[in-house]
Amino acid sequence: MDQRRLKGLRDKLLGKRREIVAAYNKNKTYGQQADEEGAQDIADKASNSYAKEFLFTLSNTDRDTLKLVEEALLRLDGQHFGVCLACGEAVERKRLEAVPWARFCLGCQEKQESGLA
């Protein structure tokens, strides 16, 4: 893969990392504010509880994505970026452009999702 394309993918990865960290900080602040509001009635307490649970779910997904982004940046630095972790073949260019933190080629990803790998 040429250096220009690698730089573009690195920029996408770094942008995604910034986006996730910003969302985490926003959710953290919102969760702290919800705790400080001191809801009076049961409906407000339920609403705050649901909102916090929803934010926690989002943060779990974001945490998983952040881990994948960090791993992709390490692979990029280690010259292993764009290589399927399962079969060792090149990950499709369009796949990397869409999901630069992809760990598997399309075929291996399908096997992973169907439980065959």
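**Helical fold, nonpolar core and second largest pocket**

In this predicted model, the chain contains four helices and zero strands, and its elements, read along the sequence, follow the pattern α-α-α-α. Of the 117 residues of the chain, 26% count as buried. Among the contacts with a separation of 6 or more, 52% are made by residues that stand 24 or more positions apart. The accessible surface of the chain amounts to about 8300 Å², and carbon and sulfur atoms account for 53% of that surface.

The largest nonpolar core is made up of 15 residues, and within this core Leu13, Phe81 and Cys84 are the residues with the most contacts. Two elements, H1 and helix H2 (42–77), each give two or more residues to the core, with H2 giving the most, namely four residues. The surroundings of phenylalanine 81 can be described in further detail: when residues up to four places away in sequence are left out of the count, Phe81 touches Leu6, Leu9, Leu13, Ala72, Arg75, Leu76, Leu96 and Pro100.

Phe81 also appears in the lining of the second largest pocket, together with Met1, Gln3, Leu6, Lys7, Arg10, Leu76 and Gln79. About 210 Å³ of space lies in this pocket. Helix H1 (residues 3–36) provides the largest share of the lining, with four residues, and, when the lining is sorted by class, it comprises four nonpolar, two polar and two charged residues. Leu6 and Leu76, which are among the residues that line the pocket, are also among those touched by Phe81.

Technical notes:
Residues are numbered from 1 along each chain as its sequence is written. This is a predicted model: local features need pLDDT of at least 70, side-chain atom pairs count only at pLDDT 80 or more; totals for chains, interfaces and linings use all residues. Side-chain values use heavy atoms; hydrogens and water are left out. On a 1 Å grid over the protein atoms alone, a cavity is a set of points where a 1.4 Å probe fits but cannot get out, and a pocket is an open set with protein on both sides within 12 Å along at least five of seven lines; lining residues have an atom within 4 Å of a point. Grid points are joined across faces, edges and corners, and a volume is the space filled by probe spheres set on the points. Ala, Val, Leu, Ile, Met, Phe, Trp, Tyr, Cys and Pro count as nonpolar, Asp, Glu, Lys and Arg as charged, and the others, Gly among them, as polar. A nonpolar core is a set of buried Ala, Val, Leu, Ile, Met, Phe, Trp, Tyr and Cys residues joined through side-chain atoms within 4.5 Å. Buried means under 20% relative accessible area, exposed over 50%, partly exposed in between (1.4 Å probe, protein chains only). Contact means heavy atoms within 4.5 Å. Accessible areas come from the Shrake-Rupley method with a 1.4 Å probe; for residues, only the protein chains shown count as cover.
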